[in-house]
Amino acid sequence: MKLNRNDECWCGSNAKYKKCHMEFDEKLEILKGKGYIVPSHDIIKTKDQIEKIKESAKINNAVLDLVAKEIKEGMTTDDIDKIVHGFTISQGAIPAPLGYGGFPKSLCTSINSQICHGIPSEDVVLKDGDIINVDVSTIYNGYYSDASRMFMIGNVSEEAKRLVEVTKECLYKGIEAVKPWGHLGAIGAAIQEHAEKNGYSVVRDFGGHGIGLQFHEDPFVFHVGKKDEGMILVPGMIFTIEPMINQGDYDLYIDAENEWTAYTDDGKLSAQWEHMILVTEDGIEILSK
Ligand code: MF3
Ligand code: CO
C-alpha cells in the first residue's frame, strides 16, 4: 500500500507521513533498488510497542537478577525453574518457553558442554566448577523479551572462566557493531573475529532473532558473517544477539531423547550471553539491562 504525503504514517505516531517515515521509506526504496536486503515495516516497532517491550524486558531482567542472587552449588536446575516460574507469574507475566513448541519448562539451563536449550531437571545438580547459561524469556501484556547470562559455580577452571569472559566480550563486540543504516552482517563479523582470535569457534546452527510481538521474528541474526552483508538495520528494530561460543569445534548434536538440548560434538565447553537490542536514530539501546 502506497501512502500519500498527507496520510497518517504507518508507524502509529499519528503524524502525517511526510513529517514522519516518508524520507525513511524513500531511503529504504533506494537501498532495495541497489540490491540490499531491507526490513519490512512489520519488524519495525512503533513507539508504543517499544514501551511495552521495555516493560516486558524489565521483568525479564528482574527474573535474571533473582536467579543471580539465588543460584548456588547443590541446587538443581529444576529449583531454578521453580524460582523463574514463581516470580514471573507473581509479576503478572508468563514464561515464554513454557509450552513453546512443546518445551516443557519455564527457561533453558545449559551446563558445560550443552550449547543451548538445556531442560531444567530435578536430576541435574549444580556442582563446583560448572558453568551454566540461564536463558530467560518473558511474555508481559502480550509482548516478548529474552536474555541470558552465564554463571560460574564455585571454583571454575581458568579455561572455563576465559571462555565465559571471551563469550561476553563477543556479545559486546556484536552490540558495538550495530549501526543504524548499517548491515546485519557486521554483528556476526565482529563476533566471529573475536572468538576465532581467541582460539574458539562460533556455533552456526542457532542465531539471534527479532523479538517483541512474537518470540522469534525476522531477522535471523547470524553470529558469523561479513560486515557489509545482510539486512540493513534501521531505527525501531529490536532483536537479540546471543552468541554461542565453543572451546573446541562448532559441530553439535541434539539430544535424541528430549529433541531439544544441543551439545558440543567434541564434548568441550560452550558458553552463551544474550541481550536484546533496540536500534535507535543515533545508535542502540540495550533493553535487557
Ligand atoms: N530463549 C531461547 C532464545 O534465545 C529460545 C528458547 S526456545 C525454548 O531464543 F523453547 F527452548 F525455550
Ligand atoms: Co533468544
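**Exercise 1. Which residues of H4 are buried?**

Welcome! Keep in mind that this is a predicted model.

*Step 1.* Find helix H4, which covers residues 158–176.

*Step 2.* Pick out residues with under 20% relative accessible area, the cut-off for buried.

*Step 3.* The list for H4 reads Ala160, Leu163, Val164, Val166, Thr167, Cys170, Leu171, Gly174 and Ile175.

*Step 4.* Now recall a rule about helices. An α-helix has 3.6 residues a turn, so residues three or four places apart point the same way. With that in mind, look again at Leu163, Thr167 and Cys170, which are among the buried residues of H4.

**Exercise 2. Check the span of helix H4 against the expected value.**

*Step 1.* Helix H4 has 19 residues, and the rise to use is 1.5 Å a residue.

*Step 2.* The expected span is 1.5 Å times one less than the number of residues, which gives 27 Å for H4.

*Step 3.* The end C-alpha atoms of H4 are 27 Å apart, so the two values agree.

**Exercise 3. Describe how strands S4 and S5 fit together.**

*Step 1.* Locate S4 at residues 131–140 and S5 at residues 143–152.

*Step 2.* The two strands pair in the antiparallel sense over 10 bridges. One pair to look for is isoleucine 132 with its bridge partner in S5, phenylalanine 151.

*Step 3.* Go to the hairpin, where two residues lie between the strands. There, asparagine 141 takes a positive phi near 60 degrees.

*Step 4.* Finally, consider burial. Eight of the 10 residues of S5 are buried, so this strand is largely enclosed by the rest of the structure.

**Exercise 4. Which strands stand at the edges of the sheet with S6 and S13 in it, and what follows from that?**

*Step 1.* Write down the strand order of this open sheet: S6-S10-S13, with antiparallel pairing.

*Step 2.* S6 (201–202) and S13 (270–272) each have a single partner strand, so one side of each is left without a neighbour in the sheet.

*Step 3.* Take a look at one pairing: S6 and S10 (residues 244–246) are joined over two bridges. Valine 202 has isoleucine 245 of S10 as its bridge partner.

**Exercise 5. Explore the surroundings of ligand 1.**

*Step 1.* Ligand 1 has 14 residues around it, and Asp135, Asp146, His209, His216 and Glu242 come nearest.

*Step 2.* Sort the shell by class: six residues are nonpolar, four polar and four charged.

*Step 3.* Look for polar contacts. A side-chain N or O atom of glutamate 242 is 2.7 Å from an oxygen atom of ligand 1. For glutamate 274, the corresponding distance to a ligand oxygen atom is 3.2 Å.

*Step 4.* Taken alone, ligand 1 exposes 330 Å², and the protein buries 96% of that.

Conventions
Residues are numbered from 1 along each chain as its sequence is written. Chains are lettered from A and ligands numbered from 1 in the order in which they are written. This is a predicted model: local features need pLDDT of at least 70, side-chain atom pairs count only at pLDDT 80 or more; totals for chains, interfaces and linings use all residues. Side-chain values use heavy atoms; hydrogens and water are left out. A residue is near a molecule or strand if one of its heavy atoms lies within 4 Å of it. A polar contact is a pair of N or O atoms within 3.5 Å; within protein, one must be able to donate a hydrogen and the other to accept it, and residues adjacent in sequence count only if both atoms are side-chain atoms. Accessible areas come from the Shrake-Rupley method with a 1.4 Å probe; for residues, only the protein chains shown count as cover. Ala, Val, Leu, Ile, Met, Phe, Trp, Tyr, Cys and Pro count as nonpolar, Asp, Glu, Lys and Arg as charged, and the others, Gly among them, as polar. Helices (H or I, at least four residues) and strands (E, at least two) are DSSP runs, numbered from the N terminus. Buried means under 20% relative accessible area, exposed over 50%, partly exposed in between (1.4 Å probe, protein chains only). Two strands pair if DSSP finds at least two bridges between them.
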